Structures are given as structure tokens and as C-alpha cells.
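I opened this notebook page to record what I looked up in the model, beginning with strand pairing and ending with the nonpolar cores.

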Amino acid sequence: MRGIYLNAASVDSGLIATLDDRHMEKLPIVPKTVMGTVLLSDDSWLRIDANYPSQMTVRFNILAEHNSKVIDRVDTPHVRAAEVELRNTVTSYLLRTYPDYFHKKGKVVSSPLTGVAVDIAEAHPMEAVAALQNTDLLLMLPAQRIGVKERGKPQQRVYRLMSGALVTPNGWSLRSHFTEAEPSVLDTEAHDNWQSNKATSLRAARLGKSVMEIHHGIVPHYDRYFKDPVNRMFNAMAPGKGLWRRNWGLPLTDHLFLHADVEPPVSIPEMTPENLLAHGHIRSEHETFIRLPGSKAIVFGVQTYIWPLREVMSNPLMFNALVTAHANLSPEMREYRKEAMAALDVVLANNPKPLSSAAPL
């Protein structure tokens, strides 16, 4: 990656030891989909905690091996300008909010937490933001206006995903990278599977799509409950102030890079109560939304936390949060996650109290 230099600065292990390791307690599973305020004047946007050094190592490997799959854009002058604005916003925020963790000399920003140095004048803007911090950042830009124009009221705009640094996707992608060769139509089963896999890949690709198109037919009840409120929220957001939400799931792997077109490096077992307790994790995404003042883009941030399920169930605060979150799932979301939820039903029924941290697997 041009302008990004690994092992260019000394790593300060003493400084790493000071990083906040209370992320499990500070970011518990939430009982409902909630929205809270995030400000560019505090540390609630891009969080730097004890996850940071290890996740950045993983990110550097992903960027080296899968760069074209995780950094992409719809290439227009407006998009390129928004990327530069985002890079400048991110670097200014990190330097201001975490002066011990990020330093700047000339055009080079470096971190003693990772040893990376980024020449922000030379590096691709989205590669720069991906190499400096561990929140995936995606740019939603205003597109066409919608609705009937009313006197004294501006028309709302539709927002489309136009650029992103999606380094740790959870089953989706920016652009389809489906490369399976089409089998003969004479092999009906193989050809049907190929068509299904191709359709899945195309559906998982989000670049260029509106917020509604991204969720339609994939997220249950989005059209009914969230389409209009989310669009109104995007149109009403003021620069410098945004919102956060949090979600959670139950993967049987702690692998961060779950790209729609890349096989995971390890075999993921079948979802059963036994496998969930032995191999399950809570994957929780802390999502943020802020507006950039120049381009008017909405920056969608996704910071991923992964905790072993047994650790969550051994922590009374997290155990109670998990029980509450599970109980408050809507019927549509239970159906959407039915295999995992059925397995969790059994696990919680068999373990009505927090587990002992020393309990054997």
C-alpha cells in the first residue's frame, strides 16, 4: 500500500498496557436497538482500547491480502472529495482525542501502539483511515431527491453507499468478487448451485446501493419499521454530531474477516447447543453515524467486538445483558436468526445462572 509503512516507528509496550480493557463491561449487549449520541468532540466516535493492537495486526494482514475486496468506491469527483475529507477528519480526530497514541510530523501520522506510519499525502485516503484505526468506515453520499416538494420544507435525499474501507465484514461486501466458473447447464444440480451462489454474492454486495436497497429482503421488517425513520435521520443530521447503535450475533468463529466471497480459513461447525457453548462467540458491532460538513456525506462506522460466549456467560453483567437481549428480540429477528436462537434457548435453559469462569469446556 503506497504511503503506509509498517514497523516504521517504535512500539511502546508500556503504553499498550495502559489501554482500557473494560470493553466487555463498557459495551454490553443491548436489550433493544437503541440510538445514542456520538460527538466529534469526545472519544465516543473512534474508540481506541485494548482490542486495538491485536485487531490492527489482523487488519494489516487483510489489507495486504484482500485489498481490492475491502477498499472500493464508485469513482466520481464528489466521492474522491468525500474520501479526502474523511481522511482529514479521522486524522485530526485521532491526534486531538488520543495525543499519546498518535503523532504527526509533517505529513506523516504514526502510532506507538502499532509502529505504523502513514504518509497522508501519499496514501490512498481510505487505506489511510483503515491503517490508522480499527473502525470500518463507509461513506453514504446524498443522491437523488425524493418525495413531493412542500413550501418551506426541503426535499429529502436518498443516501447511497459510495465508498468504503470494509476490512472486517460480517458476511457482506462492497462489490461482488464471485469467480466460480459456470458449469455446464447439462449438470442441473451444479448449475443451480452456481446460480444460487452468484445471486447470494450479488445480494451481499452493497456498493452503489441506497440504504433501503441494502436492507430490503435481507433484514426482516426493515421496510415496515425503519426505512422512513432512517432516511429522515440521515437528512436531519448536523455536522459534528451523530448517533450510535449496537447489534449482536452468535457466530461459531472469532474470525473477523467474513467476506461474502471468501471462504473462512477454518471450518465452522454446525450450529447446535453443544457447539454454541463450546465454540460460540458474541459478535457485537458498535455502529456510528456522523455527517461530514463539506461533502454532506454520512460516515457509517462499524467497530467490531468479539467475545467468547463462555466469557460472556461467566460475567454477571454480560450474562444478564445477554438474557435480556435474547428475551427482547422481535419475532421477526428470532425467525431471521432461528438456528442460533434455538441453540441459545437450550444453552440458557441449561445454564440459568452465570457460569463459573473455571468451568471446563
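The entries below follow the order in which I looked things up.

Entry one, the sheet. I noted to begin with that the model is predicted. Looking up strand pairing, I found an open sheet of four strands, in the order β1-β6-β5-β4, with antiparallel pairing. I then listed its edges, which are β1 (4–5) and β4 (103–105), each of them pairing on one side only. For the β1 edge I looked up the partner strand, and found that β1 is joined by two bridges to β6 (residues 117–119), the two running antiparallel; within this pair, Y5 is opposite A117 of β6.

Entry two, helix α4. I checked the length of α4 (residues 77–97) against expectation: its 21 residues, at 1.5 Å a residue, should span 30 Å, and because the C-alpha atoms at its ends are 30 Å apart, the two values agree. I also looked up burial along α4 and found that the buried residues include V79, A82, L86, V90 and L94, together with the charged-letter entries E83, E85 and R87.

Entry three, the cores. Which residues of the largest nonpolar core touch the most other members? I found W45, I48, L86, L94, V118 and L139, out of 47 residues in that core. Elements giving two or more residues to this core are α3 (52–70), α4, α5 (125–132), β7 (136–146) and β8 (156–165). Apart from this core I recorded another, of 28 residues, with Y305, W307, M333 and M341 among them.

Entry four, V118. Leaving out residues up to four places away in sequence, I found that V118 touches G3, I4, K107, V108, V109, A123, A128, A131 and L132.

Definitions and conventions: Residues are numbered from 1 along each chain as its sequence is written. This is a predicted model: local features need pLDDT of at least 70, side-chain atom pairs count only at pLDDT 80 or more; totals for chains, interfaces and linings use all residues. Side-chain values use heavy atoms; hydrogens and water are left out. Two strands pair if DSSP finds at least two bridges between them. The expected span of a helix is 1.5 Å times one less than its number of residues. Buried means under 20% relative accessible area, exposed over 50%, partly exposed in between (1.4 Å probe, protein chains only). A nonpolar core is a set of buried Ala, Val, Leu, Ile, Met, Phe, Trp, Tyr and Cys residues joined through side-chain atoms within 4.5 Å. Contact means heavy atoms within 4.5 Å.
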